[in-house]
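Open the model in your viewer and keep the selection tool at hand. The stops below go from one selection to the next.

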Amino acid sequence: MPTPISLPGVTLRTQGFAGGANIRDAVNLMASNEARPIENIVLDERGGAQKRRGCLTTGPIEAAATRILSMYTFYRGPTNVPHVLIHTTAGKLMYTAAPDVAPINWVAIKTGLSTTVPMSYETYVGKVWMGNGVDPYCSWDGAGFLDYPSAPRGRYHRLWKERMWISGVTGLNDRVYASDQGTASVFSISEWIDIGAGDGDHVRALATDGQALIVGKHESTYIIHDPVNFEFRLIDAEKGFESHFATITFEGSLYFLSRRGICQYMGDSASVVISERIEPAFIAPFLNVGQTHKATCYTFLNRIGFAIPESGESKNTLVVEYYPRLAGVTQTGARSIGPFVFHRMPVQCFARWHWPTAGKDLLFAGHNNANKMLDLFSPVGTDDGVAFQAMLQTAWFDFGDPIHTKYLRELRFLCGGRFDVLIFRNYAESIYRTITVDAGVIEDLWNAVDDVWGAGEWGTSDPTRDIRKTNIDAYARHFSFRFQDAFETDTSQQTYWIGSRDRDLLIGEWAIYGMVAEGTVLGKRT
């Protein structure tokens, strides 16, 4: 009589997706919580992954060919509504006091400005001060607009130590000017200094961490630490700044875009590149290095985003988003490096509008290919009415046995919404199996409390469900799983418990929190 052979069973359980994107390491060396590819995904819940929310248009801005060059939120104290300012390719500076009410009523402040060079902005003594290196340095207090023809006509402005600092004056590549103490309109003749004079480099950005004025040249970084005597020193001889508009502060740390990727400013020490796991995104074949001066950034919902131009593009087309709070914490309490994800959104520049009196905290962006301002991460399932796809693919799994073939019998998903699962095998790029998972439909189960004969539908529609899929019938030595939707335009919801009270928040169409795979190892006897 034949003797039955018992084959060893195997089980795989994903470890979440908090590692984010990894496009640097070899495919067989990625960590189990990392992803490649990953796009239009948010990691707001540690380990979970959700399709991001969409972009809602706030209405057209003048002619169809008009684009937003730069944006700024002008805060005017706790009792006055913040104004959102935009500078457009029509050469107009405009504002609105109600960016959350569509269609927006834009009011002109100034016309005849540059149609190609964006403004940089700072707020001081109740006015917003601005310039672009082409038009005269100017200010606006919400009612009156003033030019200052005798002031330096620079592209970059930064307020530090009660003085306005200006750089980017045409023909003066190394020069930084400072206004007189306590004013942003008076510039004495001697109040300037050349940083790294004649080194062949040029200033690309001004920033501050509060302690020093950071002068970001293209290939190096200096700080001015004495605002009176203009004493300065070189702090990083190899990493500079790509864009004045791609520097941002979050929880006491300054982040910026350099030629080497996203960096964290470290004070007197050299800045640290934190985007190593996605460093191919910043090399010339994939990034238009001639247009990185247009890169912009934002901070919103505890994330930091950088919009950059991809190869062949003259506008920003890719958003690189960083999650500093998902970084691990060392024994000394310092944070390590957090995960990154990618988004493709039609955005060029940003302005965050926070108005506590009305309970509003919104992120707006200029559309990169239309005459519109967008409300980002709005509770809609499209980008300005256009469907978009989200995807996340896991690392490769061998179930602890890289030699023998495995047979997958069953998959279980802790998830929400509707999405497809694409199964890949043995490092091949072709799709091996496709499974549709729909956690949005009503479960066909009897609920003794809520269900009544002849009334409605049986079952529950919980936002998070445990879905079982059998008869997978897949063979391979290594497996990888991609979660993606078919350009769905719906939204879903996620329940958050604030103490004993539950609150529902609209999220993207689907979410994946974990997957369990069960199968057998072939060709190996117990």
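Select Phe481 in this predicted model. Setting aside residues up to four places away in sequence, Phe481 touches Leu12, Leu392, Gln393, Thr394, Phe397, Leu408, Leu411, Val421, Leu422, Ile423 and Met515. Now widen the selection to the largest nonpolar core, which has 61 residues. Phe481 is among those with the most contacts inside this core, together with Leu408, Leu411, Phe413, Phe483 and Ile512. In soluble globular proteins, nonpolar side chains tend to be buried together.

A second core of 15 residues is separate from the largest one. To find it, select Ile61, Met71, Trp106 and Leu362, which are included in it.

Keep Met71 selected and add Tyr72, Phe245, Cys297 and Phe350: of the 45 residues lining the largest pocket, these are the closest to its centre. The volume of the largest pocket is about 1300 Å³. Which strand gives the most to the lining of the largest pocket? Colour E7, which supplies 7 residues. E7 spans 68-74. Other strands that each supply at least two lining residues include E11 (120-124), E19 (203-208), E23 (247-250) and E27 (296-300). E31 (347-355) and E32 (360-367) do so as well. By residue class, the lining holds 20 nonpolar, 18 polar and 7 charged residues.

Next, go to the second largest pocket by selecting Asp44, Arg53, Leu301, Arg303 and Leu505, which lie nearest its centre among 29 lining residues. The volume here is about 500 Å³. E32 appears again, supplying at least two lining residues, as do E5 (49-51), E33 (372-378) and E41 (501-507). E33 gives the most, with 4 residues. The lining divides into 16 nonpolar, 4 polar and 9 charged residues.

Two acidic residues remain.

Select Asp236, in strand E22 (residues 232-236). Is Asp236 buried or exposed? Asp236 is buried because its relative accessible area is 3%, and the cut-off for buried is under 20%. Show polar distances from its side chain: a polar atom there lies 3.1 Å from the backbone nitrogen of Glu238 and one lies 3.0 Å from the backbone nitrogen of Ser271. Beyond neighbours within four places in sequence, Asp236 is in contact with Ser220, Thr221, Ala270 and Ser271.

Finally, select Glu488, in the loop between strand E39 (479-484) and strand E40 (492-498). With a relative accessible area of 18%, Glu488 is also buried. Leaving out neighbours within four places in sequence, the contacts of Glu488 are Lys51, Gly381, Phe388, Arg418 and Glu509.

Terms used: Residues are numbered from 1 along each chain as its sequence is written. This is a predicted model: local features need pLDDT of at least 70, side-chain atom pairs count only at pLDDT 80 or more; totals for chains, interfaces and linings use all residues. Side-chain values use heavy atoms; hydrogens and water are left out. A nonpolar core is a set of buried Ala, Val, Leu, Ile, Met, Phe, Trp, Tyr and Cys residues joined through side-chain atoms within 4.5 Å. Buried means under 20% relative accessible area, exposed over 50%, partly exposed in between (1.4 Å probe, protein chains only). Contact means heavy atoms within 4.5 Å. A polar contact is a pair of N or O atoms within 3.5 Å; within protein, one must be able to donate a hydrogen and the other to accept it, and residues adjacent in sequence count only if both atoms are side-chain atoms. On a 1 Å grid over the protein atoms alone, a cavity is a set of points where a 1.4 Å probe fits but cannot get out, and a pocket is an open set with protein on both sides within 12 Å along at least five of seven lines; lining residues have an atom within 4 Å of a point. Grid points are joined across faces, edges and corners, and a volume is the space filled by probe spheres set on the points. Ala, Val, Leu, Ile, Met, Phe, Trp, Tyr, Cys and Pro count as nonpolar, Asp, Glu, Lys and Arg as charged, and the others, Gly among them, as polar.
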